[in-house]
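Reader: Hi! I have a model open on my screen and would love some company while I look through it. Could you walk me through it?

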Amino acid sequence: MQAYIVRRLLALIPALFFASVIVFVTVRLIPGSVIDLMLSQNDISADKLSREQLIAALGLDRPIWEQYARWMGGILLAGDFGRSLWGNTPVAELLLARLPVTFELGLMALVVALAVAIPIGAYSAMRQDTAGDYLGRSFSILMLAVPSFWMGTMVMVFPSVWWGWSPEVKFVPFRQDPLHNLSQMILPAIILGTSLSAVTMRLTRTMMLEVLRQDYIRTAWAKGLTEKLVVARHALRNALIPVVTLIGLQAPLLIGGAVIMEQIFVIPGMGLLLLDAVNQRDYPIITGVFLIVGVAVMMINLLVDLSYGMLDPKVRYR
Amino acid sequence: MAALAQPLARRSTASPMLRFLSRLFREKPLGAAGGIVFVLFLLIGLFADLLAPYGANQINPINRLKPPSSMFLFGTDNLGRDVLSRCIYGARLSVIIGFCAAGLATLISVAIGIVTGYLGGKVDLIAQRFVDAWQSFPDLVVLIVVVSVVGPGMPQIIVTLGLLLGVAGSRIIRSAVISVREHMYVHAAQSIGASTARILWRHILPNVLAPIVVLFTTRVGAVILIESALSFLGLGVPPPAPTWGGMLSGSGRAFMFHGPWLALAPGLCLTIVVYAINVFGDALRDLFDPRMRGSR
């Protein structure tokens, strides 16, 4: 198990390096016209920046490898992501304030997704080719096709038109009033979670179908165990191992979906920070969010892989 | 003897395409229905000019925010533009972006997948770490960042989406190539001294066509969804272009409370088209590769 963890951690290094290069190169593609645009926008703001100052603030006046080394060095050694071009706030501070909000939304959406997907997926497999199975499968294919931003829009529009009710848009932080905060987050979490549940549901069903045909399940039935025990103790536990991997694979979708939900429900998380930064062309913030999102997904995948090692004895003892 | 041989001969001359279609309709009726919707959507996109009752941006101030009626089947928006016509022209944009980006993505997936899958070794190892890193970024976040750098517009979106989905999809082609590369005919070609390029082109590529077709089909759906999400965030093809995602965002949002039909039509179009493409893609995969039946 230790060797496995070490191997996984070592594999993370090149992935992190490539990720940082992707972030760096993408944002460094800034053409001159965008600097002009930033300048024209900055003219309106209080702290006027000259063209040279702006180029220096972005570090564009140095050779590319040096830009990368400075940028990466600042982050690794001092946690310095640079400063916002507009408010002059340290980007790290903004990221720290927004990250927990998106994390909360993502976690809640994940819980919803699993709570919807696993029971329906397992039921579909246990009652294969019955009406219930078809209903569950149709639901899952439908959920793959319904865009979450459309669902979000409808939730905003129709209750308001019919009953004069609309979700509150003034955000209350979790620390200030946990219950109030959860009641605000639950709606976007349900929308995001149900749209994510489709793939998990299909995989749970497929894996359950496979596991239910195994010899040890037949043995469990032959011992006279109840259906509840066979499913809960023998089938589901084995079927869920690949489902855990899927959670890692879905992490990018979860974060991408969170951006949209934050925009619709005005939740001040990383997504809204990114969108606001894009509108203001505040590149240090854009770079910071971009990098943190990539690293977060890798960390989630690392945790998933490690838990996979704990769940599956075949991986543990390899 | 001749009488026996005749039906056999006739059977083998039937075009493989027709045989495939008849299998599709017989074994996968839902998938076939999805295929029909997919083709219809393509035709609507191609012939939007002929089908739309009004222009996409034809403003009609007298008929602002009119609910659905015989004159305006899906109602009108805040500028009096016909929602049905905008949905039809929106299909054209979705077709163009969907097919171009999915085509580009598939090309990239095939190029990376075939080379890394066949060569293996260090090339594969490095490429796979790069793909790992690439996949850590949510498509939507990358698109938002790229649009912030290069500005919104159709070519940028097509190229970025093509690259994004192309690199991610290379894994699927790679795994198909890895299983094909161990077949006897590949070893035979290697032993008579065929060049790598020839083996890839003549022996590997034709045998991974099935996953390529499936990948392309599902990618069209994925591209349409991501593009609409980007347009919804106001970062897609700029207005007044009638994108489905764009119709649900921007100034239209404020008027949805007075005209809720504005929220319905574009979302329904999106859902129907993506649903149809998904079931069609599923059916294709099941028919091409029975081992993957029922999996994701």
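Reader: Great, let's start where the chains meet. How many residues of chain A are in contact with chain B, and with how many residues there?

Author: Happy to help. This is a predicted model, and in it 45 residues of chain A are in contact with 38 residues of chain B.

Reader: Which elements of chain A give two or more residues to that side?

Author: They are α1 (2-28), α6 (131-145), α7 (148-163), α8 (178-212), α10 (227-265), α11 (270-280) and α12 (283-311) of chain A. The most comes from α7(A), which gives 8 residues.

Reader: And what is that side like by class?

Author: The side of chain A that touches chain B has 36 nonpolar residues, along with 7 polar and 2 charged ones.

Reader: Let me step back a bit. How many helices and strands does chain A have?

Author: Chain A has 13 helices and 0 strands.

Reader: What share of chain A is buried?

Author: Of its 318 residues, 39% count as buried. As for contacts in chain A with a separation of 6 or more, 72% come from residues 24 or more positions apart.

Reader: Nice. How does pLDDT look for chain A?

Author: The average is 83, and 90% of the residues score at least 70. Among the elements of chain A, helix α5 (residues 91-126) has the highest mean pLDDT, 91, and helix α13 (residues 313-316) the lowest, 60.

Reader: Back to the helices. At what angle do α10(A) and α11(A) pack?

Author: The angle is about 80 degrees, and their axes are 7 Å apart. That makes these two helices of chain A, α10(A) and α11(A), roughly perpendicular to each other.

Reader: Which residues meet there?

Author: From α10(A) there are A:A258, A:V259, A:E262 and A:Q263, which meet A:G271, A:L272, A:L274 and A:L275 of α11(A). By class, the residues of this contact are 5 nonpolar, 2 polar and 1 charged.

Reader: Switching topic: why does helix α9 of chain A lie largely in the open?

Author: Helix α9 (residues 215-222) of chain A lies largely in the open because the number buried among its 8 residues is 0. Just after α9(A), A:G224 takes a positive phi of about 90 degrees.

Reader: One last thing, where is A:Y4 found?

Author: A:Y4 is in helix α1 of chain A. It counts as partly exposed, because it has 17 C-beta neighbours inside 10 Å. The C-alpha atoms of A:Y4 and A:L94 are separated by 35 Å, and the two residues are 90 residues apart along the chain.

Methods
Residues numbered from 1 in each chain as written. Chains lettered and ligands numbered in written order. Predicted model: local features only at pLDDT ≥ 70, side-chain atom pairs only at ≥ 80, totals over all residues. Contact = placed C-beta atoms within 7 Å. Helix = DSSP H or I, 4+ residues; strand = E, 2+ residues; numbered from the N terminus. Nonpolar A, V, L, I, M, F, W, Y, C, P; charged D, E, K, R; others polar. Buried ≥ 20, exposed ≤ 12 C-beta atoms within 10 Å, placed from the backbone. pLDDT = per-residue confidence, 0-100. Axes fitted to C-alpha atoms, helices over the stretch in contact; angles between N-to-C directions. Parallel < 35°, antiparallel > 145°, perpendicular 65-115°, else oblique.
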